[in-house]
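I wanted a quick look through this one before going back to the bench. These are my notes, in the order I looked things up.

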Amino acid sequence: LGELLFRNLFKLHGEALHFFSFRGEDNLFDSLAFQEVCSLLIADLHAALAGGPRQAPSKPLLLPFLVGPLSREMTRSLHESFGRALVLTVKAGLREAFSQEMEAAWQRFLGHMVARMVDEQTNLE
């Protein structure tokens, strides 16, 4: 699941790889550093979703895994791409069961998530 999520993210946001700690790893998707980030991110997503699709995550999802300073615009762009990648990943997993209503709920959740992550990044600056 984590690998598909990141593959989708890297397709949508070509520069995204440069902002992650595992960016220099040989055999990226097989590397221990990548697998650890995937495991942690999926666990964080699971915890964020425990509150349901209407609730924004209680802690930053991507920020712990990013390196280097990011502008507010880049933070927003990266998180918007992450949201789209997440929807593509869920849609691929659920196939026909992924309805328009479900996509709308995800979009609402992700809108809250992006706003929260951008605000969190701004507070760290």
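Below are my entries, from the overall fold down to single residues.

**Entry 1: the overall picture**

I'm working from a predicted model, so everything here is computed from that. I started with the secondary structure and got 4 helices and 0 strands. Reading along the sequence, I wrote the pattern down as α-α-α-α. The protein has 125 residues, and 42% of them count as buried. I also looked up the accessible surface: about 7100 Å², with 53% of it belonging to carbon and sulfur atoms. Then I checked contacts between residues at least 6 apart in sequence, and 67% of these join residues at least 24 apart.

**Entry 2: the core**

Next I went for the nonpolar core. How many residues does the largest one have? I got 31, and the residues with the most contacts inside it are F6, L9, F10, F20, F22 and W106. I checked where the core comes from: α1, α2, α3 and α4 (100-124) each supply at least two residues. The helix that gives the most is α3, with 7 residues.

**Entry 3: F6 and the rings**

F6 was on that list, so I stayed with it, since its relative accessible area of 1% makes it buried. Skipping neighbours within four places in sequence, I found F6 in contact with F20, F22, F34, V37, C38 and L41.

Several of those are aromatic, so I ran the ring search, because a pair of aromatic rings is described by the distance of the centres and the angle of the planes. Across the whole structure I got 11 aromatic pairs. I picked F6 and F22 to look at: their ring centres are 5.5 Å apart and the planes sit at 90°, so I logged the pair as edge-to-face. F6 is in helix α1 while F22 is in the loop between α1 and α2, so this pair ties together parts 16 residues apart in sequence. I looked up F22 as well, and it is buried at a relative accessible area of 0%. Ring pairs also link F6, F10, F20, F22, F29 and F34 into a cluster.

**Entry 4: along α3**

I turned to α3 because of its share of the core, where it gives the most, 7 residues. How many residues does α3 have, and how far does it reach? It has 23 residues and goes 33 Å from first C-alpha to last, close to the 33 Å expected at 1.5 Å a residue. Its buried residues include M74, L78, S81, F82, L86 and V90.

S81 caught my eye as a serine in that list. Is S81 buried or exposed? Its relative accessibility is 2%, and the cut-off for buried is under 20%, so S81 counts as buried. S81 lies in α3, which runs over residues 72-94. Leaving out neighbours within four places, I found S81 touching L9, L12 and H13.

**Entry 5: A16**

A16 is in the loop between α1 (2-12) and α2 (32-49), and I have it as buried, at 0% relative accessible area. Beyond its neighbours within four places, A16 is in contact with L9, F10 and L78. I checked the C-alpha atoms of A16 and L78: they are 6.7 Å apart in space, with the two positions 62 residues apart in sequence numbering.

**Entry 6: salt bridges**

Side chains of opposite charge can pair when their charged atoms come close, so I searched for that too. I found 1 salt bridge in the whole structure. R7 forms it with E3, and the closest N and O atoms are 2.8 Å apart. The two are 4 residues apart in helix α1, which means about one helical turn separates them. I noted both as partly exposed, R7 with a relative accessible area of 36% and E3 at 30%.

**Entry 7: positive phi**

Most residues other than glycine have a negative phi, so I looked for exceptions. N27 is not a glycine, yet its phi is positive, about 50°. N27 sits in the loop between α1 and α2 and is exposed, at 61% relative accessible area.

R95 also has a positive phi of about 50° without being a glycine. R95 follows α3 and belongs to the loop between α3 and α4. Its relative accessible area is 59%, so I put R95 down as exposed.

Methods: Residues are numbered from 1 along each chain as its sequence is written. This is a predicted model: local features need pLDDT of at least 70, side-chain atom pairs count only at pLDDT 80 or more; totals for chains, interfaces and linings use all residues. Side-chain values use heavy atoms; hydrogens and water are left out. Buried means under 20% relative accessible area, exposed over 50%, partly exposed in between (1.4 Å probe, protein chains only). Contact means heavy atoms within 4.5 Å. A nonpolar core is a set of buried Ala, Val, Leu, Ile, Met, Phe, Trp, Tyr and Cys residues joined through side-chain atoms within 4.5 Å. Accessible areas come from the Shrake-Rupley method with a 1.4 Å probe; for residues, only the protein chains shown count as cover. A salt bridge is a side-chain nitrogen of Lys or Arg within 4 Å of a carboxyl oxygen of Asp or Glu. The expected span of a helix is 1.5 Å times one less than its number of residues. Rings of Phe, Tyr and Trp (its six-membered ring) pair if their centres lie within 6.5 Å; planes under 30 degrees apart count as stacked, over 60 as edge-to-face and the rest as tilted.
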